[in-house]
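Thanks for coming, everyone. I would like to walk through one model today, and I will put the sequence and the structure up before I say anything about them.

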Amino acid sequence: MHVILTGATGLVGAGVLDSMIKLKDITKISILSRRPVKMAEDLKDPRVNVIIHKDFEKYDSELLSQLKGATGCVWALGISQTQVTKEEYVKITKDYALAASEAFQTLATEQEPFNFVYVSGLGAATEPGRFAAIFARTKGETEVALAEMRKANPAFHASSVRPGFVDAARHEAVKPYIPVPNFTYRMYMPVLGPAIRCGYQSIWSPTDELGRFMAEMAMGRHKEHFTQSKDIQMIGNFPILENSAFRRLAGLDRK
(Lines give C-alpha, C1' and ligand atoms only; values in the text may rest on other atoms or scores of the structure.)
Protein backbone atom coordinates (compact mmCIF):
# COMPACT_ATOMS: atom_id res chain seq x y z
CA MET A 1 0.00 0.00 0.00
CA HIS A 2 1.34 3.41 -1.05
CA VAL A 3 0.55 6.47 1.10
CA ILE A 4 1.49 10.16 1.00
CA LEU A 5 2.51 12.37 3.93
CA THR A 6 3.03 16.12 4.26
CA GLY A 7 4.26 18.04 7.29
CA ALA A 8 6.72 15.29 8.22
CA THR A 9 9.10 17.75 9.91
CA GLY A 10 6.37 18.95 12.28
CA LEU A 11 5.04 17.55 15.55
CA VAL A 12 1.97 15.79 14.14
CA GLY A 13 3.67 14.70 10.92
CA ALA A 14 6.61 13.12 12.74
CA GLY A 15 4.19 11.03 14.76
CA VAL A 16 2.40 9.94 11.59
CA LEU A 17 5.68 9.05 9.86
CA ASP A 18 6.78 6.91 12.80
CA SER A 19 3.47 5.04 12.65
CA MET A 20 3.53 4.61 8.88
CA ILE A 21 6.95 3.01 9.12
CA LYS A 22 5.74 0.62 11.83
CA LEU A 23 2.70 -0.45 9.76
CA LYS A 24 3.97 -3.30 7.62
CA ASP A 25 0.98 -3.20 5.27
CA ILE A 26 2.36 0.11 4.02
CA THR A 27 4.85 -0.69 1.26
CA LYS A 28 5.69 2.85 0.10
CA ILE A 29 5.66 6.27 1.80
CA SER A 30 5.96 9.36 -0.38
CA ILE A 31 6.79 12.44 1.68
CA LEU A 32 6.24 15.84 0.11
CA SER A 33 8.51 18.37 1.81
CA ARG A 34 10.21 21.68 1.11
CA ARG A 35 13.39 20.43 2.73
CA PRO A 36 15.09 17.13 3.61
CA VAL A 37 13.43 15.13 6.40
CA LYS A 38 16.05 14.21 9.01
CA MET A 39 13.91 11.47 10.54
CA ALA A 40 13.58 9.73 7.18
CA GLU A 41 17.31 10.10 6.52
CA ASP A 42 18.22 8.53 9.85
CA LEU A 43 15.76 5.65 9.60
CA LYS A 44 17.00 4.66 6.13
CA ASP A 45 13.80 2.72 5.43
CA PRO A 46 13.71 1.77 1.72
CA ARG A 47 9.95 2.31 1.62
CA VAL A 48 10.36 6.05 2.25
CA ASN A 49 10.78 8.45 -0.66
CA VAL A 50 11.21 12.13 0.17
CA ILE A 51 10.16 14.36 -2.72
CA ILE A 52 11.41 17.92 -2.42
CA HIS A 53 8.41 20.03 -3.41
CA LYS A 54 8.66 23.81 -3.32
CA ASP A 55 5.20 24.91 -4.47
CA PHE A 56 2.27 23.26 -2.69
CA GLU A 57 -0.23 24.90 -5.02
CA LYS A 58 1.09 23.10 -8.11
CA TYR A 59 1.24 19.41 -9.00
CA ASP A 60 2.61 18.73 -12.47
CA SER A 61 2.51 15.44 -14.36
CA GLU A 62 6.06 14.56 -13.32
CA LEU A 63 5.21 14.83 -9.63
CA LEU A 64 1.91 12.98 -9.99
CA SER A 65 3.72 10.17 -11.80
CA GLN A 66 5.86 9.71 -8.67
CA LEU A 67 2.68 9.48 -6.61
CA LYS A 68 0.97 7.02 -8.94
CA GLY A 69 -0.55 4.11 -7.07
CA ALA A 70 -0.98 6.03 -3.83
CA THR A 71 -4.32 5.34 -2.17
CA GLY A 72 -4.17 7.69 0.80
CA CYS A 73 -2.65 10.81 2.33
CA VAL A 74 -2.29 12.37 5.76
CA TRP A 75 -2.19 16.13 5.23
CA ALA A 76 -0.28 17.28 8.32
CA LEU A 77 1.22 20.40 6.73
CA GLY A 78 0.42 23.45 8.81
CA ILE A 79 1.64 26.37 10.87
CA SER A 80 0.53 28.36 13.90
CA GLN A 81 -1.53 31.45 13.12
CA THR A 82 0.83 33.39 15.42
CA GLN A 83 3.82 32.79 13.15
CA VAL A 84 2.54 34.26 9.88
CA THR A 85 0.21 36.91 8.50
CA LYS A 86 -3.49 36.19 8.01
CA GLU A 87 -3.00 35.86 4.26
CA GLU A 88 -0.10 33.44 4.67
CA TYR A 89 -2.04 31.40 7.21
CA VAL A 90 -5.01 30.99 4.86
CA LYS A 91 -2.69 30.03 2.01
CA ILE A 92 -0.81 27.39 4.02
CA THR A 93 -3.81 26.02 5.92
CA LYS A 94 -6.55 26.10 3.30
CA ASP A 95 -5.24 26.79 -0.21
CA TYR A 96 -2.44 24.22 -0.08
CA ALA A 97 -4.74 21.48 1.21
CA LEU A 98 -7.39 22.14 -1.44
CA ALA A 99 -4.86 22.32 -4.27
CA ALA A 100 -3.46 18.95 -3.21
CA SER A 101 -6.96 17.49 -2.92
CA GLU A 102 -7.77 18.53 -6.47
CA ALA A 103 -4.57 16.91 -7.72
CA PHE A 104 -4.82 13.73 -5.64
CA GLN A 105 -8.33 13.04 -6.90
CA THR A 106 -6.71 12.00 -10.16
CA LEU A 107 -5.08 9.12 -8.25
CA ALA A 108 -8.44 7.66 -7.23
CA THR A 109 -10.36 5.00 -9.11
CA GLU A 110 -13.78 3.40 -8.68
CA GLN A 111 -12.07 0.23 -7.50
CA GLU A 112 -9.61 2.04 -5.21
CA PRO A 113 -10.85 5.26 -3.57
CA PHE A 114 -8.32 7.81 -2.36
CA ASN A 115 -8.37 8.48 1.39
CA PHE A 116 -7.42 12.09 2.20
CA VAL A 117 -7.04 12.78 5.94
CA TYR A 118 -6.94 16.48 6.81
CA VAL A 119 -5.36 17.45 10.12
CA SER A 120 -7.63 20.15 11.48
CA GLY A 121 -7.72 21.17 15.15
CA LEU A 122 -9.78 21.45 18.29
CA GLY A 123 -11.97 24.55 18.03
CA ALA A 124 -12.32 24.54 14.23
CA ALA A 125 -15.82 25.62 13.18
CA THR A 126 -17.74 24.83 9.99
CA GLU A 127 -20.24 27.51 11.01
CA PRO A 128 -18.03 30.12 12.71
CA GLY A 129 -19.44 32.95 14.73
CA ARG A 130 -18.80 36.60 14.00
CA PHE A 131 -15.82 36.75 16.35
CA ALA A 132 -14.30 33.35 15.55
CA ALA A 133 -10.50 33.20 15.46
CA ILE A 134 -8.84 33.00 12.05
CA PHE A 135 -7.67 29.50 12.99
CA ALA A 136 -11.19 28.24 13.68
CA ARG A 137 -12.66 29.93 10.61
CA THR A 138 -9.96 28.80 8.15
CA LYS A 139 -9.85 25.19 9.32
CA GLY A 140 -13.65 25.05 9.19
CA GLU A 141 -13.78 26.55 5.69
CA THR A 142 -11.28 23.93 4.53
CA GLU A 143 -13.41 21.14 5.98
CA VAL A 144 -16.52 22.45 4.20
CA ALA A 145 -14.62 22.68 0.90
CA LEU A 146 -13.30 19.11 1.32
CA ALA A 147 -16.85 17.95 2.01
CA GLU A 148 -17.95 19.49 -1.29
CA MET A 149 -15.11 17.73 -3.10
CA ARG A 150 -16.12 14.42 -1.58
CA LYS A 151 -19.72 14.98 -2.64
CA ALA A 152 -18.64 15.74 -6.21
CA ASN A 153 -16.31 12.75 -6.43
CA PRO A 154 -17.45 9.60 -4.57
CA ALA A 155 -14.00 8.04 -5.11
CA PHE A 156 -12.37 10.84 -3.10
CA HIS A 157 -12.80 9.82 0.53
CA ALA A 158 -11.83 12.99 2.38
CA SER A 159 -12.09 13.21 6.17
CA SER A 160 -10.91 15.47 8.97
CA VAL A 161 -9.50 14.96 12.46
CA ARG A 162 -9.39 17.72 15.10
CA PRO A 163 -6.54 16.98 17.52
CA GLY A 164 -6.36 18.89 20.80
CA PHE A 165 -3.26 19.13 22.96
CA VAL A 166 -0.75 17.36 20.71
CA ASP A 167 1.88 15.87 22.98
CA ALA A 168 5.07 13.91 22.25
CA ALA A 169 6.20 13.62 25.88
CA ARG A 170 5.96 9.82 25.81
CA HIS A 171 6.94 9.32 22.17
CA GLU A 172 10.69 8.80 22.30
CA ALA A 173 11.03 7.92 18.60
CA VAL A 174 10.09 11.42 17.43
CA LYS A 175 11.66 13.59 20.13
CA PRO A 176 14.95 14.19 18.27
CA TYR A 177 13.07 15.41 15.19
CA ILE A 178 10.22 17.64 16.34
CA PRO A 179 10.48 21.46 16.30
CA VAL A 180 11.87 23.18 19.40
CA PRO A 181 8.93 24.74 21.31
CA ASN A 182 8.93 28.49 21.91
CA PHE A 183 9.83 29.99 25.27
CA THR A 184 6.24 30.43 26.46
CA TYR A 185 5.41 26.79 25.68
CA ARG A 186 8.51 25.56 27.50
CA MET A 187 7.69 27.74 30.51
CA TYR A 188 4.13 26.45 30.98
CA MET A 189 4.57 22.81 29.91
CA PRO A 190 5.87 21.49 33.28
CA VAL A 191 2.52 22.51 34.81
CA LEU A 192 0.12 22.37 31.86
CA GLY A 193 1.28 19.04 30.43
CA PRO A 194 0.68 16.86 33.51
CA ALA A 195 -2.62 18.64 34.22
CA ILE A 196 -3.99 17.81 30.77
CA ARG A 197 -2.63 14.26 30.74
CA CYS A 198 -4.27 13.53 34.09
CA GLY A 199 -7.29 15.79 34.36
CA TYR A 200 -8.34 16.77 30.84
CA GLN A 201 -7.65 13.66 28.79
CA SER A 202 -10.52 14.39 26.39
CA ILE A 203 -8.35 17.07 24.75
CA TRP A 204 -5.07 15.14 25.02
CA SER A 205 -3.62 13.92 21.70
CA PRO A 206 -0.50 11.79 22.29
CA THR A 207 1.48 11.71 19.04
CA ASP A 208 2.08 7.96 19.05
CA GLU A 209 -1.61 7.00 19.09
CA LEU A 210 -2.69 10.00 17.00
CA GLY A 211 -0.13 9.21 14.33
CA ARG A 212 -1.15 5.58 14.12
CA PHE A 213 -4.85 6.36 13.97
CA MET A 214 -4.48 8.85 11.11
CA ALA A 215 -2.10 6.55 9.23
CA GLU A 216 -4.74 3.83 9.49
CA MET A 217 -7.39 6.27 8.24
CA ALA A 218 -5.21 6.93 5.18
CA MET A 219 -5.19 3.18 4.67
CA GLY A 220 -8.98 3.17 4.59
CA ARG A 221 -9.57 1.80 8.07
CA HIS A 222 -12.17 2.84 10.70
CA LYS A 223 -14.75 3.99 8.12
CA GLU A 224 -17.46 1.77 9.56
CA HIS A 225 -17.42 3.94 12.70
CA PHE A 226 -17.89 7.27 10.92
CA THR A 227 -21.51 8.11 11.64
CA GLN A 228 -23.13 11.22 13.11
CA SER A 229 -22.66 11.27 16.88
CA LYS A 230 -21.79 13.62 19.73
CA ASP A 231 -18.15 13.78 18.63
CA ILE A 232 -18.37 13.04 14.89
CA GLN A 233 -19.92 15.64 12.61
CA MET A 234 -21.03 14.45 9.18
CA ILE A 235 -21.32 16.84 6.22
CA GLY A 236 -22.87 14.44 3.77
CA ASN A 237 -20.38 11.56 3.72
CA PHE A 238 -17.53 13.73 5.00
CA PRO A 239 -16.67 12.90 8.64
CA ILE A 240 -15.14 15.41 11.06
CA LEU A 241 -13.74 13.67 14.11
CA GLU A 242 -13.34 15.63 17.32
CA ASN A 243 -10.41 14.71 19.55
CA SER A 244 -12.68 12.65 21.77
CA ALA A 245 -13.75 10.59 18.74
CA PHE A 246 -10.14 9.86 17.84
CA ARG A 247 -9.42 8.83 21.43
CA ARG A 248 -12.50 6.60 21.57
CA LEU A 249 -11.85 4.86 18.25
CA ALA A 250 -8.14 4.50 18.96
CA GLY A 251 -8.96 2.71 22.19
CA LEU A 252 -7.64 5.43 24.51
CA ASP A 253 -11.02 6.00 26.13
CA ARG A 254 -14.03 3.84 26.83
CA LYS A 255 -16.44 3.31 23.95
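**A kinked helix, two cores and a central strand**

Let me begin with helix 4, where there is a kink of about 30°, centred on Asp95. Please bear in mind throughout that this is a predicted model. In spite of that kink, the length of helix 4 can be checked by simple arithmetic: the 19 residues from 86 to 104, at 1.5 Å a residue, should span 27 Å, and the end C-alpha atoms are 26 Å apart, which agrees. The buried residues of helix 4 include Tyr89, Ile92, Thr93 and Tyr96, and towards the end of the list we also find Ala100, Ala103 and Phe104. As general background, an α-helix has 3.6 residues a turn, so residues three or four places apart point the same way.

Helix 5, residues 134-152, can be checked in the same manner. Its 19 residues should span 27 Å at 1.5 Å a residue, and the end C-alpha atoms are 27 Å apart, so expectation and model agree. What do the buried residues of helix 5 pack against? They pack against helix 4, strand 5, strand 6, strand 9 and strand 10, and among those buried residues are Leu146, Ala147, Met149 and Arg150, together with polar ones such as Thr138 and Thr142.

That brings me to strand 6, residues 156-162, in which seven of the seven residues are buried, so the strand is largely enclosed by the rest of the structure. Phe156, Ala158, Ser160 and Arg162 point one way from strand 6, while His157, Ser159 and Val161 point the other way, and all of them are buried. Strand 6 pairs with strand 5 in the parallel sense over six bridges, and one of the pairs there is Val119 with Val161. Between those two strands the chain passes through helix 5, and this β-α-β crossover is right-handed. Strand 6 is also joined to strand 10, residues 238-242, by three bridges, again in parallel, with Glu242 of strand 10 as the bridge partner of Arg162.

Within strand 6 I would single out Ala158. Is Ala158 buried or exposed? Its relative accessible area is 0%, which is under the 20% cut-off, so Ala158 counts as buried. Leaving out residues up to four places away in sequence, Ala158 touches Phe116, Leu146, Arg150, Phe238 and Pro239. The C-alpha atoms of Ala158 and Gly236 are separated by 11 Å, although the two residues are 78 apart along the chain.

Now to the nonpolar cores. In soluble globular proteins, nonpolar side chains tend to be buried together. The largest nonpolar core here has 39 residues, and those with the most contacts inside it are Met20, Ile29, Ile31, Val74 and Met214. Among the elements that give two or more residues to this core are strand 1, helix 1, strand 2, helix 2 and helix 7. Apart from it lies another core, of 33 residues, and this one includes Ile92, Ala100, Met149 and Ala158.

Returning to the larger core's surroundings, Ile31 is in contact with residues including Leu5, Leu17, Val37, Ala40, Val48 and Ile51, with neighbours within four places in sequence left aside. Strand 2 and strand 3 pair in the parallel sense over five bridges, Ser30 stands opposite Asn49 of strand 3, and strand 2, helix 2 and strand 3 together make a right-handed β-α-β unit. Thr6, in strand 1, is buried with a relative accessible area of 0%, and its contacts beyond four places in sequence are Leu32, Phe56, Val74, Trp75, Ala76 and Leu77.

Finally, two backbone details. Most residues other than glycine have a negative phi, and most peptide bonds are trans. Lys44, in the loop between helix 2 and strand 3, has a positive phi of about 55° although it is not a glycine, and Lys44 is exposed, with a relative accessible area of 65%. His222, in the loop between helix 7 and strand 9, likewise has a positive phi, of about 75°, but His222 is buried, with a relative accessible area of 14%.

Terms used
Residues are numbered from 1 along each chain as its sequence is written. This is a predicted model: local features need pLDDT of at least 70, side-chain atom pairs count only at pLDDT 80 or more; totals for chains, interfaces and linings use all residues. Side-chain values use heavy atoms; hydrogens and water are left out. A nonpolar core is a set of buried Ala, Val, Leu, Ile, Met, Phe, Trp, Tyr and Cys residues joined through side-chain atoms within 4.5 Å. Buried means under 20% relative accessible area, exposed over 50%, partly exposed in between (1.4 Å probe, protein chains only). Helices (H or I, at least four residues) and strands (E, at least two) are DSSP runs, numbered from the N terminus. Contact means heavy atoms within 4.5 Å. The expected span of a helix is 1.5 Å times one less than its number of residues. The bend at a residue is the angle between axes fitted to the seven residues ending there and the seven starting there. Two strands pair if DSSP finds at least two bridges between them. A crossover is right-handed if, with the strands pointing away from the viewer, the path from the first strand over the helix to the second runs clockwise.
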